[in-house]
Every structure is written in structure tokens, then in C-alpha cells.
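This report works through selected local features of the structure shown below, moving from a strand pairing to a helix and its surroundings, and then to the cores and an N-terminal strand.

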Amino acid sequence: MEYIEVTGGNPLRGSIRPAAAKNSVLPLLAATLLCAQPCTLRRVPLLRDVQTSLDLLRAVGSGAAWAGQDLVTQPARQISGRVPTALAGAMRGSVFYLAPLLTRAGWAELPLPGGCRLGPRPIDIHLAGLTAMGAQVCAAAECVVLRRHGVLRGTDFALRLPSVGATLTLMLAACCAAGVTTLRGAACEPEIADTAAFLNACGAKITGAGTPVVCIRGTGGELLDGCVHTVLPDRIAAATYAAAAAIAGGRVTVTQCSPVWLAAFLDFLQGSGCEVARGENEFSITRDQDTKLRGGQELVAAAYPGLATDTAPLAAAVLLGAEGASRIYDGLFQNRFACAQGFAALGADAHSEGRLLYLGGSAKLHGATVTAPDLRGGAALVLAGLGVGDGSCVRVLDAGHIRRGYADLAGDLRRLGADCRAGRTGTEAGRQTKKL
Ligand code: EPU
């Protein structure tokens, strides 16, 4: 089992550039199925979810190869509509294949997508939108099967809530449909505008992406071309480095990333007592190790441009040692704060009730072995370890969750000065067995 170990106490110093955003790369890889020409995605991190996506592309008859840090996809002539169960279950991002497979193969069969266990994650909006475009949906308990007879047709569709995934699904479906699709109440996250920029560079006609109303003029059944695309930087990784600086103290500059994309998180850090310097395409976080952060905060995670749900556990890690009790409410997912148990094991007064996380504040944290419950919760436990001041070590087990979204979180923090390393239990044991 993979783990990350961290011993707090060192201030962080230096600069770091976030990799390409996971939540852009995953839909973009699925979108390449709509392209008749090769596509290049620049500086893609080797995340577990990216590897799963490459396996999935190969399984349906397409493929992509690494060219240094770039990924180059090969257009496929023959596409299968079936997503293998193991790949669908390995990541939520498998849902992005519904629309491209339906477009290319005429049918799509998707065993229910996996991913972080953040509470119920239905796909009813994806399916309602695709039905409005003419798809036939048969959803069994464990698998969704879609078929189309003829080309999908453009429609005027209002999303019942601004789902990021459903907005992407419907945008992808509309690109090669017949006529104009208008999506109302669409999600506005930067990754949606980034996916639209990629599709437009491939010849799609999308306007309004990044606003609640998106219009897509379909090609009427023609595939798109290819393009070379520099993916948006990962704003959640950027927030992770900023939170690390806030917890450990020191000064960290995040480069090649607009502070606008994580403004709500940076506002939170500023309100907690960190010094935040914002430039056009970079920002710095400074905190003196001797000053206490301010707690007493009531945070609400919401859709963009609100405080991103993926940053809520990171904000919690910052508030553990801050002066005063705080509460964080997650408006998107019912079980965002499974990391509360790990925080408590480190000595924090932390517990969650439904969507609410309670933090007593002023925690004197100590080392312990804890388990990453999910991707962001796992990253938050690693960050909490930076705030342990007694020289003891925090070991976060099940760190494979963390590698779904960060290629090398331990290495990133180490390069900034943290005492942090990744390892694998069983490796030492394995070596001993070999010697015997
Ligand atoms: N929802 C429905 N029906 C749907 C779709 C969504 O009820 O058809 C609900 C969900 O259950 C949830 C809410 O709407 O309560 C928001 O879900 P959304 O569809 O916006 O999220 P997602 O597409 O499943 C993506 C990211 C998440 C990120 C959210 C919100 C990917 C692969 N995942 O999920 O990222 O938290 O948007 O920004 O893009 C992560 O990176 O760790 C992660 C979980």
C-alpha cells in the first residue's frame, strides 16, 4: 500500500508551477475521440486518472502516446462503445466517454462510474440532456446503455443544477450533433472554458463556455480536426501549495497560474492572516511561523466562482491550528469531510455531521498513522502533517487516492522545503523475504 509521511516544523520557501488541471485533462482525453486528426495536450502530469484514461482510450480502439511530457492522441477509425467495468469503476472521469462514444460508435455502454466516495453522484442530468438530443437511454442498476438512431440533434436544455460533468457531457455531445444546442444553467468552472477552447481549436463552434448559457453549433455528423492545446493549470493543486505555505509558514510563490481561478480560496487565506500577493499570472503566500492564524470562520463550498468543494478539506487543514472554532459547509457533496476522522486522530477537535465540518481550532497536533479517505481528503491529511510541531511524524496510508490528482505531492512539498516522502508498505517486507 502506498503512503506519504510528513514531519512538520520546516517553513516552506520557493516557487512552484502547477501541472495541467486533472479536471481538464480527463474530459479533453475523452474529447479527442471526436477528432479525426491527432491532438497534442501539453505538459500533462502522469496521474493515476490519466493512466486510467489512456487505458480506456486503448480499450475502445483509440490511443495516445507520451512525447516527453506531452500526450499525443491517435485518431481511431473503428470505435467500440463499451467501457470496461474495471476502468469505469476506477474514476469518475469515465462518464466523459458517454457522449464521445455515443457519437462515434452509435452506442455507449458505461458501467456506473467510480471515483471519490463523496456521497451519491447520480448522472441523471447527463442522461436527461442526451435524451433531449435524441439518445435512447436504458439504465440498469449497474450499467447505462445509450443508443442513437441517426445523428444527435441540437436542443435547448436547462440543467436542473450546474453540474460540471453534465455541462461537459452535453457540450461534447452537441459538437457533432445537427443544429444548435443551448445549455442553460451550465456550470462555469474554468475547466469548462478550457475544454471549449480545445474543441473550438479543433473546429467546433462553442460560445459562452464559462458562463451559465453555452451555445454550440453542431457539425451535423462530421468529426472535428485536431489541435495542439496547452491545458489550464490545476487550480486545486495551486490551492494545495498555497495551503501548505499557510500551515507550515514561510513564503511560497505559485507561478503560471492566475490567482483569479482560486480567488475565493486566496481570500480565505488572507482572511485567516496570511499575506497574499496577487500578480497577473502568479501569486505568493507568506506567513510568519510565529503568528497564529485566525479561525472563527464560517465557510461554504459552492459552485465557481465560490470556494471550490475540492479545496474545502484543504481549508479545513489550514483551520485546524487556527485560533477559534470554525465550520465548513459543502453545498455540493454530502460526504466531503470523511477526512475529519484523520484530523481527529492527529489530535484536532474535528467532526463532521452530514455536509458540515466542525473544527474546534487551536489544535496541538501530534503524529499518527491515518488513512486517506479520498483524493482531496488525503491531500488535506498530508498538509495537516506540516502543522505538527512536536517532531513526530504523520503517515497517510492509502496514498494511491492522492496520486489520482497529484503526480508527486510528497516531492512537490519536499522541493519547497518540507520533510516529506512517499513510500510503499510491503516493499521493505518484500525485500526481506527475497533475502531469506
Ligand atoms: N449531480 C446530480 N446529477 C448529475 C450530475 C451531478 O445530482 O447528473 C450532483 C452531484 O451528485 C453533486 C453535484 O451535482 O452533488 C455536483 O456534481 P458535478 O457534476 O458538478 O461534479 P462532477 O462532474 O461529478 C467534477 C470534478 C470533481 C469536482 C466537481 C465540482 C471531475 C472528474 N470531477 O465532478 O472533482 O469536485 O466537479 O467542481 O471533473 C476531484 O478532483 O477530487 C473531484 C472530486
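## The β19–β20 hairpin

In this predicted model, alanine 350 stands opposite leucine 359 of strand β20. The strands concerned, β19 (residues 350–353) and β20 (residues 356–359), run antiparallel and are joined by four bridges. Together β19 and β20 form a hairpin with two residues between them, and glycine 354, which lies in the turn, has a positive phi of about 60°.

## Helix α9 and its aromatic pair

A search of the whole structure finds one aromatic pair. It is formed by phenylalanine 265 and phenylalanine 268, whose ring centres are 5.6 Å apart and whose planes meet at 55°, so the pair counts as tilted, given that the tilted class covers angles that are neither under 30 nor over 60 degrees. Because these two phenylalanines are three residues apart in helix α9 (residues 263–271), about one helical turn separates phenylalanine 265 from phenylalanine 268.

Phenylalanine 265 and phenylalanine 268 are both buried, and the buried residues of α9 are these two together with Leu266 and Leu269. They cover an arc of only 155° around the axis, which means that they lie on the same side of α9. The elements against which the buried residues of α9 pack are α8, β15 (275–278), β16 (283–287), β17 (298–301) and α10 (312–319). After α9 comes glycine 273, with a positive phi near 110°.

## Nonpolar cores

In soluble globular proteins, nonpolar side chains tend to be buried together. The largest nonpolar core of this model has 77 residues, and those with the most contacts inside it are Phe265, Leu269, Ile328, Phe343 and Leu386. Helix α8 (residues 235–248) supplies the largest share of this core, with twelve residues. A second, separate core has 72 residues, among them Leu26, Ala30, Val83 and Leu102.

When residues up to four places away in sequence are not counted, isoleucine 328 touches Leu299, Ala312, Ala315, Ala316, Leu319, Phe337, Arg355, Leu356, Leu357 and Leu359. Of these, Leu359 is the residue of β20 that stands opposite alanine 350.

## Strand β1 and tyrosine 3

Threonine 7 lies in strand β1 (residues 2–7). Its relative accessible area is 14%, so threonine 7 is buried, the cut-off being 20%. Leaving aside neighbours within four places in sequence, threonine 7 is in contact with Gly385, Gly391, Ser392, Cys393, Asp419 and Arg421. As for tyrosine 3, arginine 395 lies over the face of its ring, at 3.8 Å from the ring centre.

Conventions
Residues numbered from 1 in each chain as written. Predicted model: local features only at pLDDT ≥ 70, side-chain atom pairs only at ≥ 80, totals over all residues. Heavy atoms only, no water. Pairing = 2+ DSSP bridges. Phe/Tyr/Trp six-rings, centres within 6.5 Å; stacked < 30°, edge-to-face > 60°. Buried < 20%, exposed > 50% of the residue type's maximum accessible area, 1.4 Å probe, protein only. Lys NZ or Arg CZ within 6 Å of the ring centre and 35° of its normal. Contact = heavy atoms within 4.5 Å. Core = buried A, V, L, I, M, F, W, Y, C linked by side-chain atoms within 4.5 Å. Arc of directions from axis to C-beta.
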